[in-house]
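The following exercises concern a single protein chain. Please work through each one with the sequence and coordinates at hand before reading the solution.

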Amino acid sequence: MSPISRYLAPALAIACLSVLPLAAEQHADRATEPKPDFESLDAKRLSEDKASYHYTELKDEMREGYARSELAAASSYQDWRRYNEAPYLSQMHGSRYVNNYANEAARGYGQGEDAPAMPPGAVIAKDSFAFTNDGRVYPDSLFLMEKLEAGANPATADWRYVMVSPEGAVIGDSTGANPRRVDFCHGCHRAMDENDYLFHVPDDYSTMR
């Protein structure tokens, strides 16, 4: 069993599932479509080409939605380097398809498990979308990790965790409002304490392979 699989926590998936994405298959119809059955999310797998196609269709809408949070990273992260070749299914994020971006300060992130400790100002962004068994696609949450100055938040090893809904609501911020809503983030990342608390892109999807 891989190190990541050993630390997949059911509570993490439940926490992710509690954030409802926008409801609809096409952008124009999202307001009128019923919410999806989230119990079906973990069964549908997409080829890399299809996952990339859906992400291309959604990414502008996702960026626009996240930007409503007024967080700088939420509106700029798609301009950063992306470290995965195609969206990949992440059980750790409630069986969502995710992408890994990092800003210039976090450029060492691309070295994977050999990456150096991130400096203050480094930000890792992971956006996500859901694909249901009945073939509908939904923007989902944006997950941000920001490295703070040494000693700024010892409880989270000086990492700030933020979760943003697809509509731009800040679900939780470990250094701001509703910090307990993102407790599960550091709870999971503790498994990687020897790697500066960072998980990396699976080898099969990494642009650095």
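**Exercise 1.** Where is the place of Asn153? Determine also whether Asn153 is buried or exposed.

*Solution.* The model is a predicted one. Asn153 belongs to the loop that runs between strand E6 (142-147) and strand E7 (159-164). Its relative accessibility is 15%. Buried means under 20% relative accessible area, so Asn153 counts as buried. Beyond its neighbours within four places in sequence, Asn153 has contacts with Leu148, Asp158, Trp159, Ser174 and Thr175. For one of these, Ser174, the C-alpha to C-alpha separation from Asn153 is 9.1 Å, across 21 residues in sequence.

**Exercise 2.** Describe how E7 is paired and enclosed.

*Solution.* Begin with the partners. E6 and E7 are antiparallel and share six bridges; within this pairing, Glu146 is bridged to Arg160 in E7. E7 also pairs with strand E8 (residues 170-173), again in the antiparallel sense, over three bridges, and Val162 has Asp173 in E8 as its bridge partner. E7 and E8 form a hairpin with five residues between them, and Gly168 in the turn has a positive phi of about 95°.

Next, consider the faces. In a regular strand, side chains alternate between the two faces of the sheet. One side of E7 carries Trp159, Tyr161 and Met163, the other Arg160, Val162 and Val164, and all are buried. Six of the six residues of E7 are therefore buried, which means that E7 is largely enclosed by the rest of the structure.

**Exercise 3.** Over which residues does pLDDT stay under 50?

*Solution.* The stretches include residues 1-32 and residues 34-43. Where pLDDT is low, the predicted coordinates should not be read in detail. The chain as a whole averages a pLDDT of 82.

Technical notes:
Residues are numbered from 1 along each chain as its sequence is written. This is a predicted model: local features need pLDDT of at least 70, side-chain atom pairs count only at pLDDT 80 or more; totals for chains, interfaces and linings use all residues. Side-chain values use heavy atoms; hydrogens and water are left out. pLDDT is the predictor's confidence in each residue, from 0 to 100. Contact means heavy atoms within 4.5 Å. Helices (H or I, at least four residues) and strands (E, at least two) are DSSP runs, numbered from the N terminus. Buried means under 20% relative accessible area, exposed over 50%, partly exposed in between (1.4 Å probe, protein chains only). Two strands pair if DSSP finds at least two bridges between them.
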